[in-house]
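Here are a few exercises to work through with the model open in your viewer. Try each task before reading its solution.

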Amino acid sequence: MPEASIIVPDSSRRRFIQGLAAGGVVLGLSSFIRPGRASEATRTVTGMAPILSGTQFDLTIAETTVNFTGTPRMATTINGSIPAPILRWREGETVTIRVTNHMNVSTSIHWHGIILPYEMDGVPGVSFRGIAPGETFVYRFKVQQSGTYWYHSHSGFQEQTGMYGAIIIDPAEGKNRIQADRDHVVQLSDWTDEDPMDVFARLKKMSDYYNFNQPTVKDFFRDVADKGMDVALDKRRMWNQMRMSPTDLADISAYTYTFLMNGTTPAGNWSGLFKPGERVRLRFIGSGTQSFFDVRIPGLKMTVVHVDGQDVEPVTVDEFRFGPGETYDVIVEPGDQPYTIFAQAMDRTGYARGTLAPQAGMEADVPALDEAERLTMEDMMGNMSADSMGGMQGMSGMNHSGHNMSGDAGMGNPVHVRHARTEYGPSVDMRVDTPRTNLDDPGIGLRNNGRRVLTYADLHSLDAPLDRRPPEREIELHLTGNMERYTWSLDGLEFGRSSPVHFRHGERLRVILHNDTMMTHPMHLHGMWSELQSPDGKFLARRHTISVQPAQRVSFLVTADALGRWAWHCHLLYHMDAGMFREVVVA
């Protein structure tokens, strides 16, 4: 690797965010890394991960070094690559995967969205004890589905340090609905040179440590010019009393994150080749530890055909947002020119990018980041047109009724909300009494941007519900937190203070997720499908991960057909580790 690829500490922040053009995994170094020696003695691996096909697989987990920014750092890798190898299976076959741990700490692999026996699910402390140093654990299960999925560590912060890869499951003979001339995996992730434990500690001490989009004096005087002094003062006073910020869209920004596409920095420019006239399938996988991405390909429409491993009615869009855990497959038909695949972070502090091109080495213009938008009171409190306004802890003496904050059309009818007693404590700083139930909102930063943006309301599975029975009962969980303390929980109880959720084997139940926070949470239920419902109770789409927007209330149906112990959690890793996690027991 040439010496020019090493970045000295005072390099521009732009260079840091975009990373090295040759950034990738550095193999074969000891744990003590001298930057100069690293550049002289090692090679880097970038671009697509290798593809492993068949029914027998051997995966080795180890610590190797990586250099995305000019400073070598330790990473957790599977078979020495970031991303890990793409595993290609076939529906109906039985796969055997031998995973050997060459580290000095325990590890695990979870097969995200895969239906399998709970002992094979790979969650330490829930479905198995983990893979100890020096041990080999054998995963073996029958593949009962097809589509795009992924796998990752479920131990500590190993996912953040590089332990994730893609899974492609080819459908059984005669079952393929989606025709494409070629396909590419596009796996999006985030990387930090910091120790993730240090990142977590900083968030616990100051939850907005990485937020550099705070309201300024200039913003205040803009509000004065637009709305008058009284309204501007009232608005600023309201946010201050809530001890929250309207710019708090993401906990971790590009101040420390470098966003990656297939393990490649923006400067590295991952490229996927095509021949003009081909139908190209792009399999987008959200592997960002803490990042939502807004994806578009300027000059090229995308037809969404497959979501979370399930075929959906085709819908053509310019842009879609997806979060950690979700997968979206699109079909594009590019012409004889290069196109930029642009994936900007929801907080607009950085982006991942790559190129679709008819020839290697071609590039297209990279668009500028959109301007960051701010959360509104509708984002915070939901259906502002309802009869009563939401309560918020720590806001005594504040009269909401004096503010004209009517909600958008389609907010849905007001619902009766009950908060658990456990929500009234130090772990919860906000409770939403008037949630919105609509699914046709693309989310903050995507509304009315002049592009056709996908929403959950657009998604309709081609297959019917798995179970035609009506639900026998309801389970309601509230997504809760305290931003200032950086605690995240369900019903105000962090995992360590909670009891398992119990499903009766074989029952059909409705689950309601009610977001009492100002952040979007991608909620992942292991082992069972979540059949998303419209506000009026109609079946929309089968999902394994459902993102719940601020002050939103969503429902889905579950058939508890998988005996065992399962995990249910927010897929923002730092939220999960802070307590937004429950065990589910099906018995």
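## Salt bridges and a strand

This is a predicted model, and a search of the whole structure turns up 38 salt bridges. Let's pick through a few of them, then look at a strand.

**Exercise 1.** Find out which parts of the chain the E91 and K175 pair links, and work out whether E91 is buried or exposed.

*Solution.* Start with the contact: the side chains of E91 and K175 form a salt bridge, at 2.7 Å from N to O. Next, place the partners. E91 sits in the loop between β6 (84-90) and β7 (94-101), while K175 is in the loop between β11 (164-170) and β12 (182-192). That puts them 84 residues apart, so the pair links distant parts of the chain. Last, check the accessibility. E91 has 14% relative accessibility, and the cut-off for buried is under 20%, so E91 counts as buried. K175, at 47%, is partly exposed.

**Exercise 2.** Work out which loops hold D463 and R177, and how accessible each partner is.

*Solution.* Again, begin with the contact: the D463 and R177 side chains meet in a salt bridge of 2.7 Å, N to O. D463 belongs to the loop between α6 (377-381) and β23 (473-482), and R177 to the loop between β11 and β12, so the pair ties together parts 286 residues apart in sequence. For accessibility, D463 comes out at 30%, which is partly exposed. R177 is partly exposed too, at 43%.

**Exercise 3.** Locate the salt bridge of E333 and R279 and classify E333 and R279.

*Solution.* The side chains meet at 3.7 Å, N to O. E333 is in the loop between β20 (327-332) and β21 (339-345), R279 in the loop between β14 and β15 (280-286), and 54 residues separate them. E333 has a relative accessible area of 51%; exposed means over 50%, so E333 is exposed. R279, at 32%, is partly exposed. While you're here, look for one network joined by salt bridges with shared partners: R88, D170, D183, R281, R283 and D329.

**Exercise 4.** Sort the side chains of strand β14 by face, then find which strand β14 is joined to.

*Solution.* Walk along β14 (residues 270-273) and the side chains alternate. W270 and G272 point to one face and are buried; S271 and L273 point to the other and are not. Now look sideways: four bridges join β14 to β22 (residues 351-357), and the two strands run parallel. In β22, L356 is the residue opposite G272.

Notes
Residues numbered from 1 in each chain as written. Predicted model: local features only at pLDDT ≥ 70, side-chain atom pairs only at ≥ 80, totals over all residues. Heavy atoms only, no water. Buried < 20%, exposed > 50% of the residue type's maximum accessible area, 1.4 Å probe, protein only. Pairing = 2+ DSSP bridges. Salt bridge = Lys/Arg side-chain N within 4 Å of Asp/Glu carboxyl O.
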